[in-house]
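Please walk through this protein model with its sequence and coordinates open side by side. What follows is a guided reading, moving from aromatic rings to sheets, cores and single contacts.

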Amino acid sequence: MNFLNAALLPGLVLLAGLPLIIHLLNLQFPRLFEFSSVKRIRETIAQRSRIFRWRHLLLLLLRTAFLVLLLLAFLKPLLQRFDSKPGQQAPRAVLIVLDHSLSMEHKGGGLSSRQRAENEADKILATLGTEDGVNIITAGQVSQTCFFELSRNHAEAKHFLAAIKPGYTRADFSQANAVIARLLAQSGSRPEIYYLSDFQRRNWANVDFTALPPAARLFFVDCAPPHPDNRAILGASLSQSQVLAGDTVTLEVEVGNFRDKPMQEPLKIVLDGRTSFEKEVSVAPWSTAKVTLPVPPGGPGLHQCEISIAPDDLTLDDHYFLTIPVMEKEGILIVSDTPDPKRDAVLFLKTALNPYEDQSGSLLPEQVPAAGLTSARLAGVRKVFFTRTGPLNDAACKFVADFVFHGGGVTYFLDGEHDPANLAGLERAMGPNALPLKLGARRVVKNVGTGAQQIIRGDFKSRYLRLFRGANRQNLALLEFYDIYDAAPTGAGNVLLTYADDTPAMASLNHGLGTMLFLNFSVGEFSSNLARQRIFPAWMQEIVKNLTSDEPLPVSTQVGDPVTDEIWKSELAANPLRKPTGESLEVKAEAVGERVGIAFTPDEVGFYSMRGTKLLHSYAVNPPPDESDLRPIDRALLPEQLSEKGQTGFFVQGREDFENLILGKPIFHWFVLAAVALLLVELLFQLFLQRTATKQP
C-alpha cells in the first residue's frame, strides 16, 4: 500500500497527537461536585475513580484512532496490484498496441470496436505524467508507430490516435511485438504494454511474445461488444479462367453465417452498376455455404461485378467485388493435310470448337495445310491444333517452337503418319530431350470389337482434365481408341492420361512461356468414338480456355496485398488510377518500352479503376475472409502463455480505470468507514458508562 499525498504525511502526523494534548489539558482543570454531604462525595469518588480513569484512557485511544484514520484517508491510500520497489519514481514506459484489423470495425451498440479501443487509449494517455514515455502501435498487416522511439509528446500521441482510419486487413501481433522489442531496446524502465483488441481468434492464434523483455507488464483490454454476430460474403470465383464474348460464366459465391440464427436472404449481383441478378441463399448457424448462378458478363472488355447481401453491423464484408475480363472471339488455327477437310477429324474438331450455326460461337477455327504454316499465320493466333498433319520442314518446326516459347498454346493429335518425323523436327528446334513422349510404331486396330484401348488412370488435378473430376470420371470409361502410337514417357513434362497397357494417352509440356499438349489418339470417326461423345465439344473448349500461358490478373485481390500490372504509357499519362472513393492514386511506375509496369498497395475495399472513354483497367479489392468470424480466443490462455515466457499478464475485464490499474486501487473510503465505525463504538461506550453510573447506590 502507498499514498498519493505521501508528501503531506510529516505535517499530518502532528495532528494525530491532538487528542492526547486535549486530554492532558483537561487534567489541569478542577472538578466541582455538588453533594449534600462530604461523606457522600467521598463515597461516590471512591466508587467511580477507577471507572473514570479507564474511561478517559479508552476515549483517548478511540479518538486518537479516529483522527489517525481520517488523516490516512486524506493521504489517499492505494492498494497496489503490482510489486514495485519502495520509493521508486522512475518515468513510465507505456506502449499502446491498437488492433487495426477488419474485425474491429464491427459496430455493436452504436460504436465500432476500434472506436471503443480509441476511447480506452485516451484513458491510458490521461494517466501519463510529464516525464512518462509513450508510443502507439497500430497492429495491422503491417505495423505502424506514432514515433520512432518512446516520446513524451503526449499531445502528438493523441493526435495520432484521433487520425486512425478504419482497418481492412488482418492484424499481425507477432510483428507488432517485434516492433515493441525494438522500441524498448534502449529503455531502462519497466515497460507497460496495453493490447486494445476484440481478440478475434484468427488474429490471436499463435501470437509470439518471446521478443518482449521478461520485465514487461502486459495488459489485455477487451474492446469487443458482448455478442458480435456477423454475416459475410467470404469469396467468389468464376468457373473458367478465360471468358470469351458470348460466354455465360458460372459464378460460385461462398457465404458465411457466424451467429446463432439461420440465414435465409437474397444474394444480389450487380454488373457494371446496371444489370442485377438475385438468388436466395440459406446458411445454417455457424457455418458456410456455396451458391452458384450463371451470369452473362456482356461484350468484350472489362466488367465490374459487385455481390452483396443485406448490411449488418460489419458492413465491409457484406460486399464482394470482381473484375471480369471478357475477350473478343478467338481465332484457332488447325494444321491438317487430310484430303477432305470437310469430313473426318477436321470436321469433328471444328464442330467441337464452334458448334453454332454461322460461326456464332466465341472460337473461330481455321484450317491450313502444313506447307502453309508460316510465322505470319502464327502471329495472328494464340492457339494451334495439329491433326492428320503432313510433314513439317525445319523452318515450320522452328516457327512452332518460337510460337510456344513466346506464350502460344499447341494441341497436337498424334494421328498422322508423319508425326514421328514432325516430333523429331520439333525436338531439334526446341532442344534435346525436350518433348514428353518418344513415339514408336503405330497401332491400328482392325477389328473394332476387340483390341480397343481404354484410359484407366490420369492426373485429374490438371486443369485440362477438370471436366473428368469426381463423378464425371466415368465418362472416360466410355471412350475407346483404335488408332494410337506406341509411346514411352521421356521424363520431360507430365503424363496426364494413361492407357491400360501403360502407354501414355496424353502429356503436357511447358516450353518458355507456352504449353504443348500431346494427345495420343485421333478424333476421326474410325479412330475412336470420342467425337460421338457429348463431352467432346466441352473438353476441347476447356482445353482452349486453359491452354494459355498468359497469366491474367486475378479477378480480385485482398486489401494490403500488392497489385502489379503492365499498361500503355499513354494510358497512364492521360488517365489517373482512382481509388474506390474517387481519389487519384500515385503508383510506382517502371518503363518497359512503350509500356509501363505499375505497382501499388490497395488500402480500401472496392474497385481501383482507370477510365478513358471506356473502362481501361479495373482492380477489385476485398477484405480478408478470415476476419469475418468474430468469435474471440479463450482469453484465459493469454496470461498463461506469458507465464511460460517470464512476462506478467493481466486481462482487463470491462471498462477499468487505468490510473487505478497502474497506481493502485483507492481504499480511502475504507478508512472513512473505519473512522465512522469508531465513532459508533465511542457512542456505545458512553451509553454503557452512563447506564453503569445510574445503577450505583
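In this predicted model, ring pairs join Phe385, Phe413, Phe468, Phe481, Tyr499, Phe521 and Trp539 into a cluster. Under the rule used for rings, the count of aromatic pairs comes to 21. One of these is formed by tyrosine 195 and phenylalanine 209, whose ring centres lie 6.0 Å apart with planes at 90 degrees, so the pair is edge-to-face; planes over 60 degrees apart count as such. This pair links distant parts of the chain, since tyrosine 195 sits in strand β8 (residues 191–197) while phenylalanine 209 belongs to the loop between α7 (201–204) and β9 (217–222), 14 residues apart. Both tyrosine 195 and phenylalanine 209 are buried.

A further edge-to-face pair is made by phenylalanine 199 and phenylalanine 220, with 6.2 Å from centre to centre and 70 degrees between the planes. Here too distant parts of the chain are linked, with phenylalanine 199 in the loop between β8 and α7 and phenylalanine 220 in strand β9, 21 residues apart. Phenylalanine 199 has a relative accessible area of 0%, so this residue is buried, and phenylalanine 220 is likewise buried, because its relative accessible area is 0%; the cut-off for that term is under 20%.

Phe385, a member of the ring cluster, also leads into the nonpolar interior. Which residues have the most contacts inside the largest nonpolar core? In that core of 36 residues they are Leu353, Phe385, Leu497, Met506, Trp539 and Met540. At least two core residues come from each of β18 (330–335), α8 (344–353), β25 (494–499), β26 (504–511), β27 (514–519) and α12 (535–546), and the element giving the most is α12, with six residues. Apart from this core lies another, of 32 residues, which includes Val335, Val381, Leu392 and Ala487. In soluble globular proteins, nonpolar side chains tend to be buried together. Seen from phenylalanine 385, and leaving out residues up to four places away in sequence, the residues touched are Ile332, Leu333, Ile334, Val335, Leu349, Leu353, Thr411, Phe413, Met540 and Val544.

Several of the elements that supply this core recur in an open sheet of eight strands, ordered β19-β18-β20-β21-β27-β26-β25-β23, in which the pairing is mixed. Its edge strands, each pairing on one side only, are β19 (363–368) and β23 (455–458), and the twist from one strand to the next averages 15 degrees. Within the sheet, β25 and β26 run antiparallel and are joined by four bridges, and leucine 497 has methionine 506 in β26 as its bridge partner; these two residues are also among those with the most contacts inside the largest core. Two helices can be placed against the strands. The helix α12 packs on the sheet, where it touches β18, β19, β20, β21, β25, β26 and β27, and its direction makes about 135 degrees with that of β20. The helix α8, for its part, lies across β18, β19, β20 (383–386) and β21 (409–413), running at about 160 degrees to β19.

Another open sheet has three strands in the order β10-β12-β15, with antiparallel pairing. The edge strands β10 (230–238) and β15 (287–295) each pair on one side only, and the twist averages 20 degrees from one strand to the next. Strand β12 (residues 249–258) is joined to β15 by nine bridges, the two running antiparallel, and threonine 250 stands opposite proline 294 in β15.

Turning to a polar residue, is serine 609 buried or exposed? Found in strand β34 (residues 606–611), serine 609 is buried, because its relative accessible area is 12%, and the cut-off is under 20%. Its side chain and that of glutamine 304 are joined by a polar contact of 3.0 Å. Leaving aside neighbours within four places in sequence, the residues in contact with serine 609 are Gln304, Pro576, Leu577, Arg578, Leu615, His617 and Ser618.

A view of the whole chain closes the tour. The protein chain holds 16 helices and 37 strands, and 46% of its 697 residues count as buried. Among the contacts in the protein chain with a separation of 6 or more, residues 24 or more positions apart account for 74%.

Note on methods
Residues numbered from 1 in each chain as written. Predicted model: local features only at pLDDT ≥ 70, side-chain atom pairs only at ≥ 80, totals over all residues. Heavy atoms only, no water. Core = buried A, V, L, I, M, F, W, Y, C linked by side-chain atoms within 4.5 Å. Buried < 20%, exposed > 50% of the residue type's maximum accessible area, 1.4 Å probe, protein only. Contact = heavy atoms within 4.5 Å. Polar contact = N/O pair within 3.5 Å; in protein donor to acceptor, adjacent residues only side chain to side chain. Pairing = 2+ DSSP bridges. Axes fitted to C-alpha atoms, helices over the stretch in contact; angles between N-to-C directions. Phe/Tyr/Trp six-rings, centres within 6.5 Å; stacked < 30°, edge-to-face > 60°.
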